[in-house]
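User: I'm new to reading protein models and would like to learn how the labels are justified. Could you walk me through this one?

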Amino acid sequence: WLGALRFDNLALRSLPVDASEAGGPRAVPGACFSRVRPSPLQNPRLVAMSLPALALLGLEEPAGDREAAEAEAALYFSGNRLLAGSEPAAHCYCGHQFGSFAGQLGDGAAMYLGEVLGPRSERWEIQLKGAGLTPFSRQADGRKVLRSSIREFLCSEAMFHLGIPTTRAGTCVTSDSKVIRDIFYDGNPKNERCTVVLRIASTFIRFGSFEIFKPPDEYTGRKGPSVNRNDIRIQMLDYVISTFYPEIQEAYSDNSIQRNAAFFKEITKRTARLVAEWQCVGFCHGVLNTDNMSIVGLTIDYGPFGFMDRYDPEHICNGSDNTGRYAYNKQPEICKWNLGKLAEALVPELPLEISELILEEEYDAEFEKHYLQKMRKKLGLIQLELEEDSKLVSELLETMHLTGGDFTNIFYLLSSFSVVDSDPSKLEDFLKELTSQCASVDELKVAFRPQMDPRQLSMMLMLAQSNPQLFALIGTKANINKELERIEQFSKLQQLTEDDLLSRNKRHWKEWLEKYRDRLQKEIESVSDADAWSTHRVKVMNSNNPKYILRNYIAQNAIEAAENGDFSEVRNVLKLLENPFQEGEDFREVKEDAEEEGATAAAAACAQETRSRLPYSSKPPLWASELCVT
């Protein structure tokens, strides 16, 4: 089945490859790639495969013996056997991690296998993530485990089907090989199964790829491994622009500064549009370091990501992001900051005064434009573009925040809001639906539960008064203020009844719906056929507001079943996420397919069933608030 893959490994021909083949972690100067070999796994077996992703490589659904095709995929996409034409290598890059330059990083667990020519001769780089040690593994083992691999596999495909630029995932292969992981860094390590994801993209080159030339950083003292190798920077720019931005190469072939400026302008705009798309589906990346930013504007490197459930602009999906640097509302400014670091990395081939001007002129304007365009579609504002639309969106989000509304489900419900029908009972029914997607008192108590020990908080407040310099070193003022707000909110919730909360939420939503109806009325007044407009409005909204996203609790259910040997839930969720905008399957309907495949580990499956009685489109159960992804 895999024999049809045609390799043409342009990156290795175009960029310098490390001459040394020494094993183990080491500095890799003067090279963009190091040759490596995947480390074999015991008894590899397929968890799931994405046929739409594999189709990019020219692989069609296996005819005949599917079991044999799955075994073949497990053998080759675990790294246990190499495909003819593949040349395994690990890519060298650096990065700013949480704002500080970290020096050489590189593919510590991922391996480039080569570039496959697709059905229309388009080129796809394929990678194995979790295939073993490379020169860039540092103190780690080059392995990934089942839970993180399932999350990356499912989210890569979920994002694609949501229409968001992303790397793809073709297969997820697990094994009987084990590694020890301390999931929460709390001294409770456990054995986990080594698992490998096949990743697919036009390229995995990132902003940090250009930081390998960085001289010693003024704050950390770290430097890139290829300082003073501007010849390689020129090679990389030539390769990236001619391969992935051919129209720019063609337009400016005789002026490298203009060409590089046009390239920087394009990646600035692509990045702005990408983060606008994230904001519009409530996606939080979690680790927006410069080494996790794609040079072609894709979502890349799915780690502690999360789709926001209850709308909270300060939502942090990464349990180890203690300062909230990568919170939901910070993503646009952080991506702009990362582009600033890319600009620095392109000097002298693109002078900073040119790139900084491009960044200031293009990024914010492109983000605002794309964000508002997308939000208009989500609200069904398809006829007019009015100045007031931005305020309407802000007030919607403020209402969601005040009521603890579920970001995905509130947007999904809005398409059924009737503009012309002014029957009070219909409005009451709609308000009932909306408020059912808002947080309950119990959910709010969990959300606003104080996180610091009262004695610790008291000590920090005293320290802030008596020794501000020391306080600045060990705690931020913003964190303390947030904790005080949390205590105040939690205290108020003790007196709040469900009836009071419902009444308050209804009032907030009624106020916003009146503004929304007025705005929709202006749409109707501008068209000749109100019925045709209404049909089109619903169609546009339903193709921009997903019913299904990869919520943490859905991923967790799939992970727990897979850890007990039952991969059917991963496959069910994948199938569901391929059609995120469609009405349809709740849990029980999708489960029928799985039952045909047969269930293993009866007790585990029973526990799984208990946890999974909710439809996939439900806002999360209370236990989901305890999930922590680091």
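User: What makes up the secondary structure of the protein chain?

Analyst: This is a predicted model, and its protein chain has 22 helices and 12 strands.

User: How do you know how compact the protein chain is for its length?

Analyst: We set its radius of gyration against a rule. The value is 26 Å, and the globule rule gives 25 Å for 630 residues; the two are close, so the chain is as compact as a globular protein of that length. Along the principal axes, the C-alpha atoms fill a box of roughly 75 × 65 × 60 Å.

User: How many of the 630 residues count as buried?

Analyst: The share is 54%. To be counted there, a residue needs a relative accessible area under 20%.

User: Why is Asp301 called buried or exposed?

Analyst: Let's compare the value with the cut-off. Asp301 has a relative accessible area of 11%, and buried means under 20%, so Asp301 is buried. You'll find Asp301 in the loop between β11 (283-284) and β12 (306-307). Its phi is near 65°, a positive value in a residue other than glycine.

User: And what makes Arg138 partly exposed?

Analyst: Arg138 has a relative accessible area of 44%. Buried would need under 20% and exposed over 50%, so Arg138 falls in between and is called partly exposed. Arg138 sits in the loop between β7 (123-129) and β8 (144-145). Here too phi is positive in a residue other than glycine, with a value near 50°.

User: Which residues gather in the patch of negative charge on the surface?

Analyst: They are Asp442, Glu498, Asp499 and Asp500. Asp and Glu count as negative, so the patch takes that sign. Helix α17 (residues 498-525) supplies the largest share, 3 residues.

User: How do you know that Asp442 has enough accessible area for a patch?

Analyst: Patch residues need over 30% relative accessible area. Asp442 has 45%, so Asp442 passes that cut-off. With 45%, Asp442 also counts as partly exposed, because that label covers values between 20% and 50%. Asp442 belongs to helix α13 (residues 441-447).

User: One last thing: which residues does a cis peptide bond join?

Analyst: The bond links Val347 and Pro348, and omega is about 10° there. Pro348 is in the loop between α8 (331-345) and α9 (352-378).

Notes. Residues numbered from 1 in each chain as written. Predicted model: local features only at pLDDT ≥ 70, side-chain atom pairs only at ≥ 80, totals over all residues. Heavy atoms only, no water. Patch = residues over 30% accessible without salt bridge, like charges linked within 9 Å, V, L, I, M, F, W, Y side chains within 5 Å. Areas by Shrake-Rupley, 256 points an atom, 1.4 Å probe, with all protein chains shown as cover. Salt bridge = Lys/Arg side-chain N within 4 Å of Asp/Glu carboxyl O. Charge placed at Lys NZ, Arg CZ, Asp CG, Glu CD. Helix = DSSP H or I, 4+ residues; strand = E, 2+ residues; numbered from the N terminus. Buried < 20%, exposed > 50% of the residue type's maximum accessible area, 1.4 Å probe, protein only. Rg over C-alpha atoms; globule rule 2.2 N^0.38 Å.
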